[in-house]
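Hi,

Here is the structure I promised to pass on. Have a look at it first, and my notes are underneath.

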Amino acid sequence: NDLITSGAVREDFPILTRQVDGERFVYLDSAATALKPRSVIDAVTRYYTECTANIHRGRHRLSEEASDLYEEARGKVALMVGCASNEVIFTRNTTEGLNLAAACMGLKKDDLVVGFLDAHHSQLLPWMRGGNYQVVRQGPNWKPDLDHYAELLRRKPKAVVVTHCSNVTGGYLPLETISKMAHEAGALVVVDAAQSAAHLRLRFTESNIDFLALSAHKMLGPSGIGCLVGKASLLRDAEAFLVGGGVVDYTTLESFQYRKIPHKFEAGTPAIEAAFGFAAAIDYLDMVGLERIQAHDHELSKAFLDGLKRRPKLRLLGPDVAEARAPIFSLYVDGLEDLSDVSRALSDAHGVMCRNGHLCAQPLVDHYTSGEVLRMSAYLYNTVEEVEYALSALDEVVRVYQR
Ligand code: PMP
């Protein structure tokens, strides 16, 4: 755990030297978006300082360089996720990826789609709008009721849509079990890996997933780019969602011929500089090692769980086992309704950045609370001491607002 435990990784994140009103700054909002290491910032800048050009359009030197780096980024995503390069479609983010998956499936109003209560709105609304969405009941310990899931599968759904790691509870769903049961029932499996991709090694082909979406900005990369990974056989047969420049080999006024995958899905000029940054983020994660990140996640989660044991008033919405979760901690306090004030006070009086609200997962948050939680989410650059500091700061703020 050298790079992380020695604190060396922190030096790679220029923003960590900043202060808030001349005082300490603690970032605990990585589930919303992660901080960026210098190598990612440099890679984005490189596009502007060295090879500004559109890609896959010109034959001049700068265009070729930019196109090569863009495709290299796709190759890195494929290696990271464990799929073929042509199965990676660049999108703006996870949300666009999941909407694209729904469009690729050609979902009809009465097609049954089975989902889980911890879905983010991006893994809920495209399916609610497109098909007949049914949700699996929650069982004990923040886990879905797999008997109810089996019952829904007997109704032959077209798709099962899963959030691999909840952005509220931090809990991981048993992806392999869910996916195996779905395939036995003839359903396609669509995975929202927006949170899990930053913490776990994904295995798209090995895990027999049909579609998977993620965002670069949650895994140290720039905003404006993410991807939908889809099985080549499904992508080849699907209609493109957007059409325009870059998606056809030729067109007449009467008909056109799509380019091969993935290009048929990438209409218009993409976020080229973001792809450069995405590649640098993957290199950075490889350099540190996802296994080390996970070991550190467990340390951070233990620090939260230990701190919460000593604070019975703070209620945790999520599993209390460090190994079963990412370090994403959603809390609420009975009788304390307005968590916006708490969040603002944590930021302005203590320099702790965290988030409050229903976290774009309203059905889940409403199920367990009176409508709001305060979320502290940590990542590889956070320390156990920061977690302890943030919980002590929260004690002070709660004392003031509970009066
Ligand atoms: N799913 C989950 C689990 C998320 O946490 C998020 C981001 N909060 C999304 C989907 C949507 O990601 P994006 O905003 O990058 O599209």
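Below is what I found, going from the whole chain down to one sheet.

Please keep in mind that this is a predicted model.

**Overall picture**

The protein has 403 residues, and its radius of gyration is 22 Å; a compact globule with that many residues would come out near 22 Å, so the two agree. Along the principal axes, the C-alpha atoms fill a box of roughly 70 × 55 × 35 Å. I get 13 helices and 15 strands for the secondary structure. Buried residues account for 48% of the 403. If you take the contacts with a separation of 6 or more, 68% of them join residues 24 or more positions apart.

**What the record says**

UniProt, in an unreviewed entry, lists residues 26–389 as "domain: Aminotransferase class V". In the model that span is 37% helix and 17% strand, and its end C-alpha atoms lie 9 Å apart.

**Two domains**

The protein is split into domain 1, made of 2–29 plus 289–401, and domain 2, which covers 41–287. Their C-alpha centres are 28 Å apart. Where they touch, 23 residues of domain 1 are in contact with 21 residues of domain 2. On the domain 1 side, the elements giving two or more residues to that contact are α10 (290–309), β12 and α12 (362–368).

**A sheet worth opening up**

Strand β12 also turns up in an open sheet of four strands, in the order β11-β12-β15-β14, with antiparallel pairing. Which strands stand at the edges? They are β11 (314–316) and β14 (355–357): each has a single partner strand, so one side of each is left without a neighbour in the sheet. From one strand to the next, the twist averages 35 degrees.

As a reminder, strands of a sheet pair through backbone hydrogen bonds, either parallel or antiparallel. Here, β12 (residues 328–333) and β15 (residues 373–377) pair in the antiparallel sense over four bridges. If you want a spot to zoom in on, S330 has R375 in β15 as its bridge partner.

What lies across β14 and β15? That is helix α11 (residues 339–350), which runs at about 170 degrees to β14.

Shout if anything is unclear when you load it up.

Cheers

Notes:
Residues numbered from 1 in each chain as written. Predicted model: local features only at pLDDT ≥ 70, side-chain atom pairs only at ≥ 80, totals over all residues. Rg over C-alpha atoms; globule rule 2.2 N^0.38 Å. Buried ≥ 20, exposed ≤ 12 C-beta atoms within 10 Å, placed from the backbone. Contact = placed C-beta atoms within 7 Å. Pairing = 2+ DSSP bridges. Axes fitted to C-alpha atoms, helices over the stretch in contact; angles between N-to-C directions. UniProt positions renumbered as here; feature names shortened; annotations may be inferred. Domains from an automatic or database assignment.
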